[in-house]
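Open the model in your viewer and keep the selection tool at hand. This tour goes from a single residue to the wider fold.

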Amino acid sequence: SIQRFRAVKAGVSMFSQQPQDLVVVAGQPVTLPCTIPGYHGVVLWIKDGLALGVGRDLSGYPRYTVIGDHGSGEHHLRIQRVELMDDAVFECQAVQAAMRSRPARLTVLVPPEDPVISGGPVVSLRAGDPLNLTCHADNAKPAASIIWIRNGEVLNGAMYSKTLLRDGRRESTVSTLYLSPSNIETGQQIICKASNKAVPNGKETSVTIDIQHLPLVNLSVEPQPVLEGHPVKFHCSAKANPPVTLYRWAKGGSIIKEVSGDTYEVIVDHSFFIEPVSCEVTNPLGSTNISRNVDVYFGPRMAAEPQSLQVDLGSDAVFNCAWTGNPSLTIVWMKRGSGVVLSNENLLTLKSVRQEDAGKYVCRAVVPRVGAGEKEVSLTVNGPPTISSTQTQQALHGEKGQIKCFIRSTPPPDRIAWSWKETVLESGTSGRYTVETVNTEEGVISTLTMSNIVPADFQTIYNCTAWNSFGSDTEIIRLKEQGHVFLSLCAESLPVAVIIGIAVGAFVALIVLMGTIGAFCCTRSQRNLKGVVSAKNDIRVEIVHKDHNAARENEEHTSMKQLMVKLFPLLSSTSVLVFMQFAPGLGYL
């Protein structure tokens, strides 16, 4: 080798002793040998690549000393009380000869600290509880092994974990032993023994088990299940050593002061289903508390109240409704006035709502054979206005007349306008015309008032149109003349008694006739209104001038004449005279 060649050339012998790998327990001394016969130059000791000093001067390391006969080439490194920091690789180097020894690994073993059992030296527990013992042995290198011993036998099944400390060399070990209640007895001694290569025989500690006997309690409830409003009896039986000294009752965490014995009788309500009744039994060692809920049958009670919603047209509406009840309840969502079940869950989701979805919705809960409950909410849909008004309205010639337009709109209408011929009026007065708007709980009423009705007003088509941010709607309204009733009898030429008789007879006949006419007209109006409502889909705002009333009025006129032919034979001549005075005002004869 190069070192051998250089040594021979310099006339120096080789290493006769070199440091070897060593394992040593912390606290013990150790000597690393280095002998170079015939060499009288400078010798360096290197630790992990760094020189400890020059020659035999190691003043920076008080525990380190170079020993041996310098003349004989002995340069041994002596370490007093080895510490963990001495765990390193050492080399001996002959500087002038340019030689170095083989690297020697010094491994320092560190025994664990004395093991410690948490809670020792006496571990107390209640009868019936399992035993969990934790033992830790810290600061060991390598990590300590832990075993548990009872009555000279090793206990198996312990959990084992270790943690590397910040110095990167030492470790702490934790072992946890679980023993079931049937596997422990009071007075037993359990040993924790920790060992590693530094202490093969190990270190140990022990604890003594002390089992305390608290009251053993059983709480019974009779009868179960039970309907709300009926009585139940709680009985708290206990076995304790020493004997029981106190019973204490509570419901939902609140003390029941009026009860002090081992029995509690009460009329139950729904709260007993969710608030347990507890019995606490005490003896000189402590207390045992046991609780029971009562299986109370009760009708639905609201847990989360649904809220009314206002959503835009086309958006989703989600209602949440939660009930509690016992036994299990059924939830049904329906729209008021409809028998269709929309959901059986707490949540009702209406996708892409339309204006016809607006209305009242009912969340109903039913507990079979116990009771039911319901909660109503409203859904308001923001969309275009809708107008509903009588398409033909009446007024007297020469008098003040009004036509009304009823508007439902969410949000409220931004604008309402009346239009006829070439005129558009939103509010205020223009000539003979005045527009007034009134807000009500149901909607908005817009009224077009005309002073001094003229014949042309009955030939005009009026349009009522409303707008909001979602769209508009319009209604076409006609004005029809309302006739006068005249009674023209010559009272002067007839005796008073005859006049009275004629008047009474005519009045009775008139009532019969008007009732028949009213029924006939209502039937016609309902038929016409039904047609109007059905035709309201996809309505467009436009002014219409085509007259559709003439044919309908002729048809009604003919029907009334036929009706009169049937009724006239039943009337006296005087009654006919009276009716003939009424007929022109009705507009049928």
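Which backbone oxygen lies 3.1 Å from a polar atom of the side chain of T173? Select T173 and A144 together to find out. The oxygen belongs to A144. Keep in mind throughout that this is a predicted model.

**Stop 1: around T173**

Stay on T173. Colour residues 171-179 to show strand β16, where T173 sits. Now switch on a surface. T173 counts as buried because its relative accessibility is 0%, and the cut-off for buried is under 20%.

Next, show what surrounds this residue. Leaving out residues up to four places away in sequence, T173 touches C135, H136, A137 and D138. Add A143, A144 and I146 to the selection; T173 touches these too. Finish with Y160, S161 and K162, which complete the list of contacts. A144 thus appears in this list and also supplies the backbone oxygen at 3.1 Å.

**Stop 2: the nonpolar cores**

Select I36, W45, L77, I79 and F90. These residues touch the most other members of the largest nonpolar core, which has 24 residues. Now colour the strands that each supply at least two residues of this core: β2 (30-32), β3 (43-47), β5 (64-67), β6 (76-79), β7 (88-94) and β9 (104-109). Which strand gives the most to this core? Pick β7: it gives four residues.

Then move to A395, I403, V435 and I453. They are among the 21 residues of another core, which lies apart from the largest one.

**Stop 3: a three-strand sheet**

Select β19, β21 and β24. They form an open sheet in the order β19-β21-β24, and the pairing is antiparallel. Where are the edges? Look at β19 (216-222) and β24 (263-267), each of which pairs on one side only. Sight along the strands: neighbours in this sheet are turned by 15° against each other on average, with direction ignored.

Zoom in on one pairing. Strand β21 (residues 231-239) and β24 run antiparallel to each other over five bridges. Show P231 and I267 as sticks; P231 stands opposite I267, which is in β24.

**Stop 4: the whole protein**

Zoom out and colour by secondary structure. The protein has five helices and 45 strands. Of its 589 residues, 36% are buried. Turn the surface back on: about 32700 Å² is exposed, and carbon and sulfur atoms supply 53% of that area.

End with the contacts. Take those between residues at least 6 apart in sequence: 63% of them join residues at least 24 apart.

Methods: Residues numbered from 1 in each chain as written. Predicted model: local features only at pLDDT ≥ 70, side-chain atom pairs only at ≥ 80, totals over all residues. Heavy atoms only, no water. Buried < 20%, exposed > 50% of the residue type's maximum accessible area, 1.4 Å probe, protein only. Contact = heavy atoms within 4.5 Å. Areas by Shrake-Rupley, 256 points an atom, 1.4 Å probe, with all protein chains shown as cover. Polar contact = N/O pair within 3.5 Å; in protein donor to acceptor, adjacent residues only side chain to side chain. Core = buried A, V, L, I, M, F, W, Y, C linked by side-chain atoms within 4.5 Å. Pairing = 2+ DSSP bridges. Axes fitted to C-alpha atoms, helices over the stretch in contact; angles between N-to-C directions.
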